[in-house]
Amino acid sequence: MGKNGLHQDFRVGDVLRVSCPPAQGRVVDVFPFDVAVEWPWAQIDPQSQFRWNGQRAFATDPDSPDWTTSLFKTDPEPWKLHAGDSCLVGMPETLVRITGIHRCEPPQDVGWLPRPHTMLGVVPADYPGEALSEDDVDTIYLDSAAPVTIELVSRG
């Protein structure tokens with residue numbers, strides 16, 4: 001399957017194999033609970049009503065749901081990074097299960113380009129469904145600037 005599963009008819013319950021090769025990022029700032037890293041793919045949307053700063057936060061607590069459920073990871077881990085450090089940002093190959101699908105027409109204004117038109121809410125494939133909370137879900141933006149590869153493993 002190609003980048004971002006183009007033209008794929010995904011369904012809630014589907015299990016996907018997802019990955020994104022690492023790209024170079026730079027730590028902009030370190031805060032008590034996270035580090036801000038320049039996002040290596042998306043561009044700031046100059047027409048947006050939001051003022052995205054081109055950065056993404058990564059939790060500095062290895063036990064935080066924000067770190068454990070995030071598909072994108074840094075190398076080295078965020079708790080080892082300091083302002084000005086270089087790091088890699090990528091998505092190790094992971095099996096996930098779709099918990100929700102959100103389609104936007106026109107594409108949603110989120111502050112970056114390209115504006116997403118379809119978002120998949122996902123959790124690790126082996127995550128128990130009855131324990132699911134909003135904090136456990138990460139989002140995959142289809143047709144994003146990040147070169148995410150999505151492969152359908154099994155139909156839900």
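These legends describe close-up views of two pockets in a predicted model.

**View 1. The largest pocket and its centre.** The space inside the largest pocket comes to about 380 Å³. Its lining is made up of 18 residues. Nearest the centre lie W39, R56, F72, W112 and Y141.

**View 2. Strands around the largest pocket.** Three elements each give two or more residues to the lining of the largest pocket: β4 (55-59), β7 (112-113) and β9 (138-141). The largest share comes from β9, which supplies four residues.

**View 3. Residue classes in the largest pocket.** Nonpolar residues number 13 in this lining. Three polar residues and two charged residues complete the lining of the largest pocket.

**View 4. The second largest pocket and its centre.** The volume of the second largest pocket is about 260 Å³. Here 16 residues form the lining. A57, A59, D66, W67 and S70 are the ones that lie nearest the centre of the second largest pocket.

**View 5. A strand and a helix at the second largest pocket.** β4 and α1 (65-68) are the elements that each give two or more residues to this lining. β4 gives the most, with four residues.

**View 6. Residue classes in the second largest pocket.** Seven lining residues are nonpolar. Six are charged, and three are polar.

**View 7. β4 at both pockets.** β4 is among the elements that give two or more residues to the lining of the largest pocket. β4 also gives four residues to the lining of the second largest pocket.

How values were computed
Residues numbered from 1 in each chain as written. Predicted model: local features only at pLDDT ≥ 70, side-chain atom pairs only at ≥ 80, totals over all residues. Heavy atoms only, no water. 1 Å grid on protein atoms, 1.4 Å probe; cavity = no way out; pocket = protein on both sides within 12 Å on 5 of 7 lines; lining within 4 Å. Points joined across faces, edges and corners; volume = space filled by probe spheres on them. Nonpolar A, V, L, I, M, F, W, Y, C, P; charged D, E, K, R; others polar.
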